[in-house]
Amino acid sequence: MNKRFTATTRALAHSQLLIPLLAFFLLIVFNLIRDPSFFSVALVKNNLGNMVLSGNLISIIDNASELALLAIGMTLVTAASKGQDISVGAAATIAGSVFINVLRANDMSLPMILFAFLASCVVAMLFGAFNGTLVALFKIQPMIATLILYTAGRDIAYWINGGASPDLTDKTLTNYFGTFFPGIPIPTPILLVCVCLIIMALILKFTNLGLYAQAVGINENAARLNGIDPVRIKLLVFIILGICVALAGSVNVCRMGSLNHKTALLDIEMDAILAVAIGGNALIGGKFSMVGSVMGAYIIRALQTTLYAMEVSSDAIKAYKAVVIIAIVLIGSPVVKKYASLLFSKLRKNTAVVQTGDL
Amino acid sequence: MRIKRREPITDTNLLLIITVTIFVGMYALAMIVWGGGFLNPQQFLNIFNNNAHLIILSCGLTIVMIAGGIDISVGGLNLLVTLSCIVYLDDHSGSVIGAAGVALGVGLAFGLVQGVLISYLEMQPFIVTLAGMFFAKGVSTIIGGGPRTATNEAFLEIKNWTLRLPGIGSYGKAGNFVPAKIELGMIIALLVVAVIFIVLRWTRLGRNLYAIGGNSQSSLMLGINVKRTRFYSYFLCGLLAGIGGFVYLLHNGSGDPSNVAPIEMHAIAASIIGGSLLTGGVGNVVGTLLGVLSLKTITAIVVASGLTKPWWQSITTGAMLCFFIVLQSIVISRRGAGNAKLQFPPWLKFRRKKQPDE
Amino acid sequence: MQDDVVLSMRNICKSFPGVVALNKVDFTLRRGDIHALMGENGAGKSTLIKVLTGVYSKDSGQVNLAGTDKAITIKSPQEAQNLGIGTVYQEIALCPNLTVAENMFIGRGKYHVVNWKTMKKRADAILTKLNIPAGANEQLSNCSLAVQQMVAIARAVDMDCKVLVLDEPTSSLDEQEVEKLFTLMRDLQSQGVGIIFVTHFLDQIYEICNRVTVLRNGEFIGEYEIKDLPRIELISKMMGKELDEISKVHGLAKEEAISQTPLVEVKELSSVSGIKPFDFYTMPGEVTGFAGLLGSGRSECVRAIFGADRVTRGVKYFNGRRVNIKRPINAMKAGMGYLPEDRKRDGILADLSVRDNIIFALQVMNGFFKPISKKKAAEYTDRYIEMLNIKTASHDIPIGSLSGGNQQKVILARWLLTHPQYLILDEPTRGIDVGTKVEIQKLVLKLAEEGVSVTFISSEIEEMLRTCSRLIVMRDRGVVGELSRDEMTQDNIMRTIAGDVAEHE
């Protein structure tokens, strides 16, 4: 029994999920001490008369939806291409503007919403393929390749919007997709993320996407000589990221009911990369943990909500966030771990000496 | 059986030549096609005057990129330095020299912390400098409280100082000769470029930066103190961001924490256009200077050619970036041997005709 | 006696998490010695070298230089350099983006200013003296691998070192270059430099060394005069067992199969690597070999057959049927396997587990939508770990943490698992210990007996003589001859490679 326990602890200590779990735990404990009712969830009646869940916990998970969606795609891109896509925020704005403009030009119905989403999906996948082509075919580092779309993306959205910030006059979308469906107490974005996570899990289980992406990220030559086409895999992960981007953009439009090309999903690319890193994934590619990345997304959001709750102004929040990020990554840094274990063993030795001295 | 050797030109020089050629070609074309402002020396010098801070920041970034790293905190740091200086000048009625000291101090402190975290604690540069960016932006909101404009008189005097260039200039509408003027920031920027160029080319530190960017493992074996060298790259970058922030203040006289312009990305773009590779080991500050000029010239060309809608600027910038990135990729891969060559997969057949009977 | 010693290492211990790499190892180097450091893979040679050059710090023990009693601690490669310890590593440790001259001088000297003119002049002088075909201002990545290695040696030579460490410097050099290197080493020897020479080539040791220290499993076995130590004894000291086995593997592959259609046949094949078009065939159950110096195009030939390099012309037949092999996956589906020359660069997926590495090729052949179940994967892994005697703590540890020989076995297992009809082994024995070499040779013969065609490439002609029944000889990127079993003698091969045969006839 004891042996199994130590084995589990050891496995956990070496697992890359240690850091995100620890961070999550600390955040929860901190909040509970600060305000024991912080995480209480209540069933309340919202302004549309539906019974819905409400509370900080729900809003954290709800607000992190876009980030979680992007983190899923970003994890795959990081694993296979050894770099990150910094254009996801800009691309999501483009996808969102396609979505909102299709809806504005047509009547609001479920098939139309689906069509609008598909259209934004196609556009986002095309941009994903553009990034993927630069990375896979021209062998340009992802960060540099996606810098192009990062630079131009938000203004392409502006162009699509015809120089305006469009909004939806019909509130069906915002009322249902952005918040709650009648009768379902869970926010729709959360459900959407769950569906995506399940689909992703199924894909990883029933295809070799995970193995191939890791193999390409670890050793492209070896992957090629074993029959994998690295170009295809890299293109594929960027296109999958494109789908995630379209989802994130559409969810954001549903939530806001409008789209401002300058402020929508601002800095989310940085947060998405951060989520991947906090999830214990190496940003230089190779092995990945999807669960870790999604947890990373929730940690970032939880941190933000905590800071809001502490009445830190929204601009200054970044400074605190930075400190926490550094702390999290610092704990996970191998060098720090090494020094910590050295220190630990030294302390142990010292106590041993003291004990023998006592004898 | 010796193979005839190619002209011994290094990647760095090759990319520099490309950048120079394209910039000169572009500017010459603009002078011929649109004439007008492009023929005016003042407009050319204004690119320097208006973007002196960007030139300096890009130099810092080039150093980091040569050493194989990345620093995306320079934009935030630029803002933080600007606001710190304003606060020091106005709220504490400090001297201009003191403000310069504050700028350098903030920059150095940032560079120091980031350098230690990245090189000695081996944390990922992207994450550390990302956190640095957040931190800088957050702190500048806290200390500045909002958009600020410097009102310190001693400072304004220096800010408004310009150097008139004798003999160079243009004729005003009334036919009078207006000599071209340059600001203090431009002089500082050119000095920085010169100094960094010398450092990179002729000092041991400079060559070590190239070495660790080329292959850090080998550099270690060659007896280079890789950690210290990497530390210096971030340290220098922080220092330059400090100078850049001060120069920004010299030109604009104000700072706005809610300004979302991603200066760090402009700086990265300028470095890339100037021939730095993010993989490290290749780059040149003269190229970077031309990179900034190219970026701004293309914007001017866009305006001159009548694309006045607000979105065209960044879209053309993106297109130019795309052009340079792809060009560099092709050039470098053509030089590489064997596996490094750009190979299109067989299922993409647009390059080759169908192979006979296969 | 004591004055002669330029370096002594006593009781050196070094352990890594879970492994004791060095356990009380002694090493003594005298003036003007060329001292071989021998041992199987994982014996601790590299670790000892890295302790000496400051890459690793030792756990305990004492290092003295030049006979002084003062123990020194070498904390960094830079410090080692300053103390007069020059090193050339197996994998070229230079910066590809710098010029040849810079690579020779960077990281040395105390000056803060670089004087390009003097540097070029000095570099030119050394390059001419050592007859290295490279320009001082050329970018290193433009030079061939062999030239890069020579530059690394030139750098070490120029440092006026008292101790010169050569860690497998010859693995990327061809015969002539090795000879050049040996001349250089003798030169330095006469100047009183102590040289530590690590290599897997026994011939080279008996040619140039005068003393040898043997390590085994991190333990010090002994120090011997080379002339007092016959080869077979040296090998048995390294392996720790008497080795009749080695001499016994004399695979007379079975008689040529009667089958009329060759398993694999290519005609006029050439690829982007620039090899001259060549013809090749192999019968089922035949072991063929490509012989030639490094860079003669032998690897490029098999890469072209496997589709690893893009084929520019020629046709391929498999089992008499014409096949279109453009990419490795086509070759794999047809029934081929290819173990690449450079294990680290092209073979292993370092961060993935042993299990994933073993099932990898089969997995890819199965296709994107058919992952192998965990149970099946574990079963396969178990089977091949046992069959090939792979030493690994578990299925789940990353392959990168295994020793070179075991990594090679994992890659072999990967291909055996796909049950290929034709297996290409490009330098399967490079950089691995003698014991594993023998095992691999035996395996090749066993496979051939089972009807698998094998193409075996090795830098050691002796290995090919033992295993192959037909040899294709290559020179300057083209096939220059073919030797059948009866014609295959060391002498004959050498002459064909050198191009003497044509003149004799």
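The exercises below deal with cavities and salt bridges in a predicted model.

**Exercise 1.** Find how many cavities of 30 Å³ or more there are, and describe the lining of the largest cavity.

Solution.
- Step 1: The count gives five cavities of 30 Å³ or more.
- Step 2: The largest cavity has a volume of about 160 Å³.
- Step 3: Its lining is made up of 19 residues, and those closest to the centre are Met221(B), Leu222(B), Thr87(C), Tyr89(C) and Arg155(C).
- Step 4: Two or more lining residues come from each of helix 2 (77-82), strand 6 (85-88) and helix 5 (145-158) of chain C.
- Step 5: Sorted by class, the lining has 13 nonpolar, five polar and one charged residues.

**Exercise 2.** Which parts of chain C does the salt bridge between Arg108(C) and Asp158(C) tie together, and are the two residues buried or exposed?

Solution.
- Step 1: The side chains meet at 3.1 Å, N to O.
- Step 2: Arg108(C) sits in the loop between helix 3 (100-105) and helix 4 (116-129), and Asp158(C) in helix 5, so the pair ties together parts 50 residues apart in sequence.
- Step 3: Buried means under 20% relative accessible area; Arg108(C), at 18%, is therefore buried, and Asp158(C), at 17%, is buried as well.

**Exercise 3.** Give the accessibility of Lys227(C) and Glu225(C), and place the pair in its network.

Solution.
- Step 1: Lys227(C) and Glu225(C) form a salt bridge of 3.2 Å, N to O.
- Step 2: Lys227(C) is exposed at 70% relative accessibility, whereas Glu225(C) is partly exposed at 26%.
- Step 3: Shared partners join Arg30(C), Asp33(C), Arg211(C), Glu223(C), Glu225(C) and Lys227(C) into one network of salt bridges.

Terms used:
Residues are numbered from 1 along each chain as its sequence is written. Chains are lettered from A and ligands numbered from 1 in the order in which they are written. This is a predicted model: local features need pLDDT of at least 70, side-chain atom pairs count only at pLDDT 80 or more; totals for chains, interfaces and linings use all residues. Side-chain values use heavy atoms; hydrogens and water are left out. On a 1 Å grid over the protein atoms alone, a cavity is a set of points where a 1.4 Å probe fits but cannot get out, and a pocket is an open set with protein on both sides within 12 Å along at least five of seven lines; lining residues have an atom within 4 Å of a point. Grid points are joined across faces, edges and corners, and a volume is the space filled by probe spheres set on the points. Helices (H or I, at least four residues) and strands (E, at least two) are DSSP runs, numbered from the N terminus. Ala, Val, Leu, Ile, Met, Phe, Trp, Tyr, Cys and Pro count as nonpolar, Asp, Glu, Lys and Arg as charged, and the others, Gly among them, as polar. A salt bridge is a side-chain nitrogen of Lys or Arg within 4 Å of a carboxyl oxygen of Asp or Glu. Buried means under 20% relative accessible area, exposed over 50%, partly exposed in between (1.4 Å probe, protein chains only).
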